[in-house]
Amino acid sequence: MKRMIKSNSSAAKLNPLEKLTNEQEKLVEQIERFVKKHLENDNPAVFVLFGDAGTGKSYLLNHLFFRFQSKQRQEGDPLAGRHNYFLVNHPELLKVYRGIAGQYQQLLKKDFQRPTSFINRSKKSGQKADLVVIDEAHLLLSKPDPYNNFYGEDQLSE
């Protein structure tokens with residue numbers, strides 16, 4: 001179900017149902033093939049998306065995650081039943097993503113987390129993620145940071 005989002009808001013700019021350009025669609029298809037290829041492998045696989053500020057990386061990642069979560073809830077799809085998460089370290093952006101999640105049945109607010117919270121919960125529960133999308137990955141911690149309750153070596157490898 002789609003609700004109306006104000007067109008000048010951050011949420012409108014990240015609306016996962018906005019149409020992709022042909023170039024964006026090709027990139028999303030490439031990432032989907034990459035994910036499906038590596039889903040059954042126990043070794044982590046990393047796909048890095050580069051681009052200048054304002055080029056639509058966050059929008060593309062949110063659109064992609066929306067697709068993954070839609071498939072995750074469809075029986076028979078390779079992504080069905082998987083544990084997928086979207087991580088973002090910027091608190092205001094996390095609020096925007098969770099606000100968007102509240103508007104679509106395919107997305108749950110708990111799907112969107114901060115990296116440290118996600119890592120600490122995963123370690124405590126022992127549950128592993130099948131797919132993790134990280135927005136603003138340059139904000140991941142690269143060394144232990146007790147102030148932020150992160151005691152691992154770096155968040156990407158965690």
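**Second pocket and ring pairs**

Modeller: His 83, Tyr 85, Lys 110, Gln 113 and Gln 127 lie nearest the centre of the second largest pocket, which is lined by 18 residues. This is a predicted model, in which local features need pLDDT of at least 70, side-chain atom pairs count only at pLDDT 80 or more, and totals for chains, interfaces and linings use all residues. Residues are numbered from 1 along each chain as its sequence is written, and side-chain values use heavy atoms, with hydrogens and water left out.

Biologist: Happy to start there! What makes a set of points a pocket?

Modeller: We lay a 1 Å grid over the protein atoms alone and ask where a 1.4 Å probe fits; a pocket is an open set with protein on both sides within 12 Å along at least five of seven lines, and a lining residue has an atom within 4 Å of a point. The space in this one is about 280 Å³, counted as what is filled by probe spheres set on the points, with points joined across faces, edges and corners.

Biologist: Which elements each supply at least two residues of the lining?

Modeller: Helix 3 (57-72), strand 1 (84-88) and helix 5 (115-125) do, and helix 5 gives the largest share, four residues. Those elements are DSSP runs numbered from the N terminus: H or I over at least four residues for a helix, E over at least two for a strand.

Biologist: How do the lining residues divide into nonpolar, polar and charged?

Modeller: Four are nonpolar, eight polar and six charged. Ala, Val, Leu, Ile, Met, Phe, Trp, Tyr, Cys and Pro count as nonpolar, Asp, Glu, Lys and Arg as charged, and the others, Gly among them, as polar.

Biologist: On to the rings. How many aromatic pairs are there?

Modeller: The count comes to eight aromatic pairs. Rings of Phe, Tyr and Trp (its six-membered ring) pair if their centres lie within 6.5 Å; planes under 30 degrees apart are stacked, over 60 edge-to-face, and the rest tilted.

Biologist: Why is the pair of Tyr 85 and Phe 118 called tilted?

Modeller: The centres of Tyr 85 and Phe 118 are 5.0 Å apart and their planes meet at 50°, so by the cut-offs they pair and are neither stacked nor edge-to-face. With Tyr 85 in strand 1 and Phe 118 in helix 5, the pair ties together parts that are 33 residues apart in sequence.

Biologist: Why is Tyr 85 called buried or exposed, whichever applies?

Modeller: Buried means under 20% relative accessible area, exposed over 50%, and partly exposed in between, with a 1.4 Å probe and protein chains only. Tyr 85 has 15%, so it is buried, and Phe 118, at 10%, is buried too. Phe 86 and Phe 112 make another tilted pair, 5.2 Å centre to centre with 45° between the planes. Both Phe 86 and Phe 112 are buried, and together with Phe 65 and Tyr 97 they form one aromatic cluster.

Biologist: What is Leu 87 in contact with, leaving aside its neighbours within four places in sequence?

Modeller: Contact means heavy atoms within 4.5 Å. Leu 87 is found in strand 1, and its partners include Gln 113, Phe 118 and Ile 134. Its relative accessible area is 4%, so Leu 87 is buried.

Biologist: And what makes Glu 136 count as it does in accessibility?

Modeller: Its value of 27% falls between the two limits, so Glu 136 is partly exposed. Glu 136 also has a positive phi of about 60° although it is not a glycine.
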